[in-house]
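Me: Hey, got a minute to walk me through this one? I'm new to it.

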Amino acid sequence: MAVTLADHLRALPDEELAALIALRPDLVMPVPGDISALAVRAQSRLSVARSLDALDRFTLEVLDAVRVTRDPQTATTSVEAVLLLTGEGGVDKTRVREALGRLRELAIIYGSDATLHLSDGVDDVCSPYPSGLGRPADELSPAAAALVSDAARLRRTLLAAPPAARAVLDRLAAGPPIGTANRAVLNDPDSDSPVRWLVTRHLLVPTGGDTVELPREISLLLRRETGPLGELHPTPPEVDAPVREISAADRAGAGQAMEAVRNAEALAEALAADPAPILRSGGLGVRELRRLARAIGLTEPDAALLLEVAYAAGLLGESGGETGDAVVLPAAGYDTWRIGTLAQRWTRLAQAWLLMTRMPSLVGQRDDRERLLPALSNDVERVGAPAQRRAILGVLADLPPGTAPTPDDLRSVLAWRAPRRMGRAAASAGYDAALSEAATLGFTGLGALTSYARWLLAEVDAADRADPDADPLGIGPDEPPSRALEALDALLPAPVDHVLVQTDLTVVVPGPPEPGLAGELALVADAESPSVYRVTPDSVRRALDSGYVAADLHALFQRRSRTPVPQALTYLVDDVSRRHGGLRVGSAGAYLRGDDEALLAEVLADRRLAMLSLRRLAPTVLISPYAPARLLAALREAGYSPVPEDATGAAVLSRPRSPRAPARPAAPSRRIEDPRNQPRLTPARLAGIVEQLRRGDAATRAARRAPTTVRSQPGSAGLAGAQAHAQAMAVLQQALRDKARVWVGYVDAHGATNSRLVRPVSMGAGYLRAEDERTEMLHTFALHRITAAVPEESPSP
Amino acid sequence: MTDGPLIVQSDKTLLLEVDHPDAGACRMAIAPFAELERSPEHVHTYRLTPLGLWNARAAGHDAESVVDALLRFSRYPVPHALLVDVAETMDRYGRLQLANHPTHGLVLQASDRAVLIEVAKSKKLAGMLGAKVDADTVAVHPSERGRLKQALLKLGWPAEDLAGYVDGEAHPISLTEDGWSLRSYQREAVDSFWAGGSGVVVLPCGAGKTMVGAGAMAEAKATTLILVTNTVAGHQWKRELLARTSLTEDEIGEYSGERKEIRPVTIATYQVLTSRRGGAFTHLDLFSARDWGLVIYDEVHLLPAPIFRFTADLQARRRLGLTATLVREDGREGDVFSLIGPKRYDAPWKDIEAQGWIAPADCTEVRVTLTEEERMAYATAEPEERYRMAATARTKLPVVKAIVDKHAGDQVLVIGAYIDQLHQLSEYLDAPVVQGATTTKERERLFDAFRAGELSTLVISRVGNFSIDLPEAAVAIQVSGTYGSRQEEAQRLGRVLRPKADGRQAHFYTVVARDTIDTEYAAHRQRFLAEQGYAYSIVDADDVLSA
């Protein structure tokens, strides 16, 4: 008897039902009303597809076996039948049972071993040809059914097949069982096409259109070698890849990891020096990316990767910027990140990369509209990216340590693990990108997963699995120290606190500088390459500007250098510091100068002038922050006799003048004739005004007379449309010849009906050009839009 | 983590800590493929360049050995990407080979068909390739051998030239090693060159490059064309060849502005070859005047552009380049590689100095304080006049005199760039001047007198920058130069680096005006000296005058 999935679920003990929900959480989002609703949802296409996507190739092959062995009447099968069929393919029974167990857990199949039911949605989301087998012959055509029912005849027919036809058969038998054939060829009795040969002998059945299908029975017969289900894949493909010494891989990876950290820092510094503007459409433009890439000496794809990772790790952020346009620049988190150890910094970047839902490899590519995808824009957002990364690194992690497989190897394993996900080409590109990014960031070294990355993946997995409710207040014991961090720390060089100073004024840091040293070096020297700095006059001046004095610099080099400080450096520092501050710049409102030093001294000492805040620059020069006028006034008040001077130093002497307002036009000298002061109109203007009035009047009157035929209402009775149009054309032709004015009724671009009094100028190419005398404009009407035309003088009805 | 002497940086520079116990072994391991960029006292900088890696490939090193050397000596983890890049770059050399096909003559062969297809499509190769011989072989017009190599190098697929050389017209030449013999490094240089067929030998000034040339000629035993920078250098070659080889006066010809002799061994100057009449090079026939078996290029780093063009047509002849540095100020290192050949031998200056073949030099910068008057004149001078003002300050004269007096008994060269100043110096020091306008005969006379010790002080202009062998000069004083030219500095230093009969210390003084642009230029030039490992000290003029 038929058992529904709802019945089955209802009968399940609570824990098994909970287990199913744990495996398929989408079933309870939102929680369904009852078990029936749950069953309906469990058989929906979407939910079934989601469950099947996670299954490996072998389990899907067993699912196909279940579908193939279904009884056409009851739609059920049995474990026995499935085992029998897969057994012919030479697969271990326990493996098949395991696969069936997985399908049962997911409620893809249910029921007793003797009557296995298949969940409803499966047929909808799977290929209609399970195991690449076509439909049974009796579903396809009676002739084919007759053929397959006669085993001897079928064998004879097959043996008689010419080689080309046999090749077609073999290909279709391997699945999928569908082929396309040119219909013309199929119907051509003279054709010697192999497909036609097969069709006429009912080995292939045309199924409408130009497709042909191989009946299931014939496929099974032809699959004697491989088994009825075709080749089965109970185990993932073997990866035959070189094995690296794990320490070598670790070192290469650590080198790369160090690079990634250093470049991320360089990127942030480049952005700090010159924040990158954000495009109006979001993200960083190509030119900005190119600039950053050049600044840190990376290729653009690598720069894009680091940019995205640093952003995801919270090292970069957006801000309004100085001009109000948004810019990307280091975020507050950058400063805390920067003081961490190399390993800590790398771990932060690595975690951000693993979890970020972005695909940096898309940056710089073009979308469907041939638009370049900018970095940090929404266009490179891909929710599936983290899963892809975890999947491909997961495959790598499951291989023995040190294995360095090719991307193809990894993809073939992935294709076994989740064939339904790997099907798409875009997905496969995503996996390749994830691998190359892993290499760039130092997850892998020499193509093998490094030991610290292996730890990191395990830690991230553990964090994922951890019950978020276990310690809601975060007061539990501290997290155990990260093994990934320790492993990487052991590989990376310890920070150094000393340098080697050389005669050519280079300063070599033999390792990653500790933060204090890095800060000092950034100030007193220019970086030439990651480990080499150069002291230049500019860099010394920069240090002096920020408050160092020559003695400090000497002491600094003395303290930090493991080698004697070269004489050239000492000279350079002294030379620059000697000249440093040799010129001083300040601002003043006015100066006071005079040859008489005693007089200036007197002014400076004068208490009455204290409010001028005078300061002596030189024996003969005083300055004040106030404007010259105030200085003059105050000095004169105090009884001195100062003289102002201009920019060239010449004295500006002026006699006192009575204050006057600016000049304004004098009153007209000629009397106007008209005592009422009315404007006078010239005869020419008068004539013009009259003409204008007349023309306007005529137009208004004419407008009032616009004939109703022209002011047509939609649907109004009158001449039939076509006839009216023909008549209008005739009127227009006549008017054109007579140079007469016509009322033209037309439908404008908005579908409204309008009319206009115009004088036709020309007609042709589907357009009427006519002059409107009122507005003195030339109008162009599409002839098909003209609904009516009436001569001006025509009597209005 | 190992504690190696090498820091490998991702910008492809290698920092070698010279005081490290493994430094020597490391230097030996990386020298074949990395170019020594600078060698100040503590940390030497090497650079990995495509040319350097290809030079190494040409010398038979493979990518694995390079990667191994980097990993073995590196102090810190080496970025994976750099190793991949090294391997990929090296792998590009030799994918294409020029070879002699038994029936089709000169052909380009590919071990990688895709590369051949890629380059064949390039527009740069248009017209150079002939008919396809088979899928992996294309015929090459023999006249395009040089240009093809140039173009392929630009495309990043340098071809290995295995097409061999013509023997040229045989001529007996041998070294007459009576009481002397080639130094070990000279012998190594000759052997490496001969094994490689064509290429460049890099040796410092004074290390006896001429003898490497003579050694190569003795191997070739064929007519030889020697290209030198100027007539004086030509005479020097002649003198050396007469003294050290079986060649006689009649066998060596001089082809210069003054004489046009073509003999089994002909020495020609770049100048005469590149001189034009009516826009055409009139002396090109020299290259085909004889069936030369060997062409020697002296001072390859100065090779003028037209000579490259002629050299492109000489690819079937053995070519030996001699130079102190592969660095060209015009950046045409690639042309040297493709047209003359890969580097065949290289020895760092300091090593040769340590072996005692060149004199150790002590470099000193003497800072002169200008008088108040000179300072004002300098301060208000036009920008383009400033260097001249500072460099030719009269205040320098007594200082120069003091230095000359201090080295009384030594052979002193005073080097300057401004003729007026040279004449002032000549008067002040009572020493003759050699300058551009001095006739070759007069020059020879003065140089001979100097060599003989009859003349202890000589004032020379820019002509002294090149190829004059004045082995007894122990002191060089430069008072002015061509702005900050590093090359000039190297050449001038080279004047005093010839080993002295009594192993005396050589002295190299630079007199600069304090707080002027002269100091800046001097700093630029001295950076070069420091990078070559010559520590220099700075002293005040007053200390010199009072001493």
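**Cores and a strand**

Reply: Sure. This is a predicted model. Its largest nonpolar core has 203 residues, and those with the most contacts inside it are A:Ala310, A:Leu349, A:Ile392, B:Val201 and B:Leu227.

Me: Which helix gives the largest share of this core?

Reply: That's helix H16 of chain A, residues 246-273, with eleven residues in the core.

Me: And what does B:Leu227 touch?

Reply: Leaving out residues up to four places away in sequence, B:Leu227 touches B:Ala268, B:Tyr270, B:Leu273, B:Ile296, B:Tyr297, B:Asp298 and B:Ile307. There's also a second, separate core of 50 residues, with B:Ala431, B:Val459, B:Ile477 and B:Tyr534 among them.

Me: Switching topic: are the residues of strand S22 in chain B buried or exposed?

Reply: Buried, on both faces. The strand covers residues 457-460, with B:Thr457 and B:Val459 on one side and B:Leu458 and B:Ile460 on the other.

Me: Why two sides?

Reply: Because side chains in a regular strand alternate between the two faces of the sheet.

Me: OK, which strands pair with S22(B)?

Reply: One is S20 of chain B, residues 411-415, which pairs with S22(B) in the parallel sense over four bridges. There, B:Ile415 stands opposite B:Ile460. Another is S21 of chain B, residues 433-434, which runs parallel to S22(B) and is joined to it by two bridges. In that pair, B:Val434 stands opposite B:Ile460.

Me: How does the chain cross from S21(B) to S22(B)?

Reply: Through helix H19 of chain B, residues 440-452, in a right-handed β-α-β crossover.

Key: Residues are numbered from 1 along each chain as its sequence is written. Chains are lettered from A and ligands numbered from 1 in the order in which they are written. This is a predicted model: local features need pLDDT of at least 70, side-chain atom pairs count only at pLDDT 80 or more; totals for chains, interfaces and linings use all residues. A residue is buried if 20 or more other C-beta atoms lie within 10 Å of its own, exposed if 12 or fewer, and partly exposed in between; C-beta atoms are placed from the backbone. Two strands pair if DSSP finds at least two bridges between them. A crossover is right-handed if, with the strands pointing away from the viewer, the path from the first strand over the helix to the second runs clockwise. A nonpolar core is a set of buried Ala, Val, Leu, Ile, Met, Phe, Trp, Tyr and Cys residues joined through C-beta atoms within 7 Å. Two residues are in contact if their C-beta atoms, placed from the backbone, lie within 7 Å.
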